[in-house]
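Open the model in your viewer and keep the sequence panel visible. The stops below say what to select and what is there.

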Amino acid sequence: MFGTNGVRGVVGEMMTPTLVLKIGAALGSMRKGTIAVGRDTRTSGEALAHALKAGLLMTGCSVVDMGILPTPALQYIIKADDRFAGGAMITASHNPPEYNGVKVIEADGTEMADDEIIKLENRFFADEFDAVAWDGVGRETAAPERIEEYIQAIVRHFPAGIGEGMTVVVDPGSGPAALTTPAILERMGCRVHTINARIDGTFPGRLPEPTPEGLQPLSEMVIATGAAFGVAHDGDADRAVFVDNKGRYIEENYEFGLIEDYVCRRNPGGLVVTPVATSRLIQDIAGKHGCTVDYTPVGSIYVARRMIELIGQGERVSFGGEGNGGLIYPDHQFCRDGGMTAAMMVAVLADHSGKDLSDLADALPVYHLIKEKYPAPDPGALVSVIEEAFSGETIERIDGIKIIRDDAWALVRESGTEPMIRIMIESGDPGIADGMYREIMRVIGQT
Ligand code: MG
């Protein structure tokens, strides 16, 4: 039921108050104590939050309802306050408006790991809930004002007034970042314009996924206002994406690289943790600062858990994230944080005074990426056939197979949701990328 990003489904079909009530009861049976609950701006959020809280309260947990806030804000509040035994966020992140879902948060602010999620699912399917009697039912309080703790935590990360003289445009996409990112950037000294900044679960301006097409009005506003950049968030604001001062969408691996350069210069020689699907650009920039890249399976939770594990082993971890605008700052918290990423871009530009974001983006090495899906009745078998065909080469098996060459790499993985394989190939030379793609397709053609 749970995927790598929690439970998600269409409201009224798979996603119902009954399902969420049972998730609340299962979570409450596992994590006795006070549970923090939050939601994004979806129209179904209020109904599902009530169901979640009912499930928690009937197992004896107390609930603190934080109202509408970004997922990383809820995670930060839980991490920073020892009284919370855990939390849950009603969100479907970047999915369309008809979707909603639940993300379960541990007391340290991280998303619940796979082994604990399996225990929660087992309780869910077995109806194994520790319901309490009338005198043990939990109590609910509300604390929507605590969103302020998150805003302050980000602002105090940077020198006062670092954004002075900088104009920026924020597009929260009618989501919860409307309550945080404009305030964060204003308090850093920026002049802030907004678009789609009224919270609205019908998403009248654009869909929750920030695509280059959906961000056209943001680009136009950046140009019209002479802003240094525009920043947009997904539906729960754990991700941030950017348009530069010329209104051009910054591909997310380049965003990662620009911020990595800033973070690693201040913390050289550490590890940068990212999934195997991320651009080699991240390795190039890590190398500039004596940092090494540590690769994980695809999914932000694996990056966050690996960062924590490495630090536990005494390693120095400088930075982490995914090539989709989901970046993790180890001295802030171990989850993707879109508000922090927006603030970081201000610091990146302040650090390169006199240079525009377009100059910085254009100075990065260019990589060519091919991304394809290929239908396969038995995707696992097809991945094995490809692995066999390339067995004379360097192959990593962190997630599917990654064939690594000096001038290119290819990643072939089973899709988790459909009978197909996903193929990614990257090279600095488009001809080399195309050639490697044809090699893989020849192997597939022979099966
Ligand atoms: Mg998200």
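Select Ile 308 and show its surroundings; bear in mind that this is a predicted model. Leaving aside residues up to four places away in sequence, Ile 308 touches Thr 110 and Phe 334. Measure from C-alpha to C-alpha between Ile 308 and Phe 334: the separation is 7.5 Å, for two residues 26 apart along the chain. Now colour by secondary structure, and Ile 308 appears in helix H10, which spans residues 300–312. Is Ile 308 buried, partly exposed or exposed? Its relative accessible area is 29%, so Ile 308 counts as partly exposed, since buried would require under 20% and exposed over 50%.

Next, select strand E2, residues 34–39. Of its 6 residues, 5 are buried, so the strand is mostly covered. Add strand E3 (residues 62–68), which pairs with E2 in the parallel sense over 5 bridges. To find the register, pick Ile 35 and look across to Val 63, its bridge partner in E3. Then trace the chain from E2 to E3: the path goes through helix H2 (residues 45–58), and this β-α-β crossover is right-handed.

Stay on E2 and add strand E4, residues 84–90. E4 also pairs with E2 in the parallel sense, here over 6 bridges. Arg 39 marks this pairing, with Ile 90 as its bridge partner in E4.

Now move along the chain to a second region. Select strands E16 to E20 together. In what order do the strands of this open sheet lie? The order is E16-E20-E19-E18-E17, 5 strands with antiparallel pairing. At the edges are E16 (368–375) and E17 (394–396), each of which pairs on one side only. From one strand to the next, the twist averages 15°.

Within this sheet, zoom in on E18 (residues 401–404) and E19 (residues 408–414). These two strands pair in the antiparallel sense over 4 bridges. Select Ile 401 and you will find Val 412 of E19 opposite. While side chains are displayed, recall that in a regular strand they alternate between the two faces of the sheet.

Last, add the helices that lie across these strands. Helix H13 (residues 379–389) lies across E16, E17, E18, E19 and E20 (420–427), and runs at about 155° to E19. Helix H14 (residues 430–445) lies across E16, E18, E19 and E20, running at about 155° to E20.

Terms used
Residues numbered from 1 in each chain as written. Predicted model: local features only at pLDDT ≥ 70, side-chain atom pairs only at ≥ 80, totals over all residues. Heavy atoms only, no water. Buried < 20%, exposed > 50% of the residue type's maximum accessible area, 1.4 Å probe, protein only. Contact = heavy atoms within 4.5 Å. Pairing = 2+ DSSP bridges. Axes fitted to C-alpha atoms, helices over the stretch in contact; angles between N-to-C directions. Right-handed = clockwise from strand over helix to strand, strands pointing away.
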